[in-house]
Structures are given as structure tokens and as C-alpha cells.
Amino acid sequence: MEMHTYCPVCERSGVQFAPLPDFYRQTSMQHGFRHFGRMEMIALNSYACQACGASDRERLYGWWLNQQIEAGKLNKGMRVLHFAPEAALSKKLRQLGLFDYRTADFMMPGVDYNIDIMDMPLEDESFDFFICSHVLEHVADDNLAVSELSRIMHRDGCGILMAPICLDISDTLEDPSATSDAERWRLFGQNDHVRLYSHPGYVSTLERNGFAVQQLGLDAIGQTVFTRLGLSQTSILYIVTRTPRPEHPHAGTPDHEH
Ligand SMILES: [Zn+2]
């Protein structure tokens, strides 16, 4: 049976997904980046929805969001913060009209907050849900950024927290001396990236800075959804919740309750 493609962002069936523009392969080759095509969730041949422009990862977020909304797990009026808002997904979230929806970015015009993710002028626990995708690979100190994200998220909240992850390496690669476009292309696969995450390195960065990490891959989501959405087989969705903080350093006896 032929399976129809589906884009959960624009909610169209039978859409075509365009390949990743060849610019990325060509520029990677030019600069000697060795891991092109070896990223956890770039679907080289089915990258962008031709109807709405949503990338593979946006479709995965859109799918998960639809599931959560149907299950009543993301509620009306929830305070949502969307970092570096992707156009198609952001439009969908606004049009839903369900959430108290805000956007943030360091530079991008037209967002609600032009802020530095490493030092956000936002109250503790001021958002119930966030989407922060492909931001951490750009920031100087990702530990600071992740701990800020956990600080501004409500203790019972959750977030979609994603970054490009390379399948070939076991430790996250950083090199502060790589400051030129050419060097960053060579090492990290893009001129404005300052690190290349490994899978274990990425998870430990999140866990070290206040988050528990749920990883939803092919086993959890299923081949049918992966095929319909045009996702690469190795794609993983990272959902974060907050790990309890030791508010009372000497607590922790079996009888202790808040
Ligand atoms: Zn679409």
C-alpha cells in the first residue's frame, strides 16, 4: 500500500518534500567538513515541505504538538516561549490561538523578546513550555543557556530542546580558536556554529544543567509516522522536563516531603 506523505505543520496530505539545498553539501566539501550527511536528523532527500516550507524537524515538532494537544497535555492559556521561531511552525502556533504565545531571539526582528539566551531578563518559572531548536550550537556558553532555560521554565513544564547532532563522534567538539567562517565550516559544518554535538555530549549538557531528557526516536514514534513525515531513520526528538532542585541541601531522608 502506498503511504501518503503528511505535513503536520500545514496539515496537508500528499505534499512533496524537497531535498536539502545542495549549497550545504557543496560548502561542506569545499571546507573539508567530514560529517555532511551524518547528522542525526537531517533528511537529505526530504528536507522541506513544498507547501509550507517546514523542515523535517519542524514537522516532527508539529506532529508531537498535535499529539499533545489531542491528549490534553498542552492546555489552553499555557505560557509558551518559542526561540528563534521557525516561520511555518510559528505561524501554526499563532493560528491555533490556544496559548499565550511569545517569541524570542537574540537578533531576529519582529520577535517579542530580543534577548540573550545566556542571560534572560525573565522571571523564574515564567513559561510552561518552550521550543528551542538549533540555538545552542550558536551560543558561546551552552551550559549557561541550558541552565537559563531550566530556570525560566515552570517546575512542571516541558520543552522541545534540539540541536544538530553528529552521529560520527562520541564527544562534543568545541574549539574556541576556530573563529573564521572557513574553520567553522570545516569543524562544525556551518559558519555560525561554535560546536558540533555528539549524542552523549548533547544529552549530558542538558542533564548537567537542570533537565531530565526524554528521547523519542523511531522505536517510540514508529515507522509509519517517520515515513509519512519524511524523517530520517535516526531522528530523535528531545523533550526536557526539570529535574527537582535540592532546595534544602540537607533534606533527602526517606520521610522528607515538600
Ligand atoms: Zn507543510
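The following questions and answers walk through a predicted model of a protein, from its overall form to its sheets, helices and core.

Student: How many helices and strands does the secondary structure of the protein come to?
Tutor: The protein has 258 residues, of which buried residues make up 35%. Counting its secondary structure elements gives eight helices and 14 strands.

Student: What radius of gyration does the protein have, and why does it agree with a compact globule?
Tutor: The C-alpha atoms fill a box of roughly 55 × 45 × 40 Å along the principal axes. For a chain of 258 residues, a compact globule would have a radius of gyration near 18 Å, so the protein agrees with that expectation at 19 Å.

Student: Among contacts with a separation of 6 or more, what share comes from residues 24 or more positions apart?
Tutor: The contacts in question are those in the protein with a separation of 6 or more along the chain. Within that set, residues 24 or more positions apart account for 69%.

Student: In what order do the strands of the seven-strand sheet lie?
Tutor: This sheet is open and its pairing is mixed. Strand 7 (113-114) and strand 13 each have a single partner strand, so one side of each is left without a neighbour in the sheet, and these two must begin and end the list. Read from one edge to the other, the order is 7-6-5-8-9-14-13.

Student: Which strands pair with strand 9, and in which sense, parallel or antiparallel?
Tutor: Strands of a sheet pair through backbone hydrogen bonds in one of two senses. Six bridges join strand 8 to strand 9, with Ile 131 standing opposite Ile 160 and Ser 133 having Met 162 as its bridge partner. Three bridges join strand 9 to strand 14, where Ile 160 stands opposite Ile 239. The partners are therefore strand 8, which runs parallel to strand 9, and strand 14, which runs antiparallel.

Student: What is the hand of the crossover from strand 8 to strand 9?
Tutor: Strand 8 and strand 9 run parallel. Between them the chain passes through helix 4, which makes a β-α-β crossover, and this crossover is right-handed.

Student: Why is strand 9 described as largely enclosed by the rest of the structure?
Tutor: Helix 4 lies across strand 9, running at about 140° to it, and helix 6 also lies across strand 9, together with strand 13 and strand 14. Strand 9 is called largely enclosed because its buried residues number seven of the 10.

Student: Which elements are included in what covers the buried residues of helix 4?
Tutor: Helix 4 spans residues 142-152, and its buried residues are Asp 142, Ala 145, Val 146, Glu 148, Leu 149, Ser 150 and Ile 152. One of these, Leu 149, touches Phe 130, Cys 132, Gly 159 and Leu 161, leaving aside residues up to four places away in sequence. The cover includes strand 8 (127-133), strand 9 (153-162), helix 6 (199-208), strand 13 (211-216) and strand 14 (237-242).

Student: How many residues has the largest nonpolar core?
Tutor: In soluble globular proteins, nonpolar side chains tend to be buried together. Here, the residues with the most contacts inside the largest nonpolar core are Cys 49, Ala 54, Phe 83, Phe 130, Leu 149 and Leu 161. The core has 60 residues.

Student: Which helix packs on the three-strand sheet?
Tutor: Three strands form this open sheet in the order 10-12-11, with mixed pairing, and strand 10 (165-166) and strand 11 (173-174) are the edge strands. Strand 10 and strand 12 (residues 195-198) pair in the parallel sense over two bridges, where Cys 166 stands opposite Ser 198. The helix that touches strand 10 and strand 12, with a direction about 95° from that of strand 12, is helix 6.

Student: Which elements do the buried residues of helix 5 pack against?
Tutor: Helix 5 covers residues 181-188, and its buried residues are Arg 184, Trp 185, Leu 187 and Phe 188. After the helix comes Gly 189, with a positive phi near 85°. The buried residues pack against helix 1 (23-31), strand 11 and strand 12.

How values were computed. Residues are numbered from 1 along each chain as its sequence is written. This is a predicted model: local features need pLDDT of at least 70, side-chain atom pairs count only at pLDDT 80 or more; totals for chains, interfaces and linings use all residues. Helices (H or I, at least four residues) and strands (E, at least two) are DSSP runs, numbered from the N terminus. The radius of gyration is taken over C-alpha atoms; the globule rule is 2.2 Å times the number of residues to the power 0.38. A residue is buried if 20 or more other C-beta atoms lie within 10 Å of its own, exposed if 12 or fewer, and partly exposed in between; C-beta atoms are placed from the backbone. Two residues are in contact if their C-beta atoms, placed from the backbone, lie within 7 Å. Two strands pair if DSSP finds at least two bridges between them. Axes are lines fitted to C-alpha atoms, for helices over the stretch in contact, and angles run from 0 to 180 degrees between N-to-C directions. A crossover is right-handed if, with the strands pointing away from the viewer, the path from the first strand over the helix to the second runs clockwise. A nonpolar core is a set of buried Ala, Val, Leu, Ile, Met, Phe, Trp, Tyr and Cys residues joined through C-beta atoms within 7 Å.
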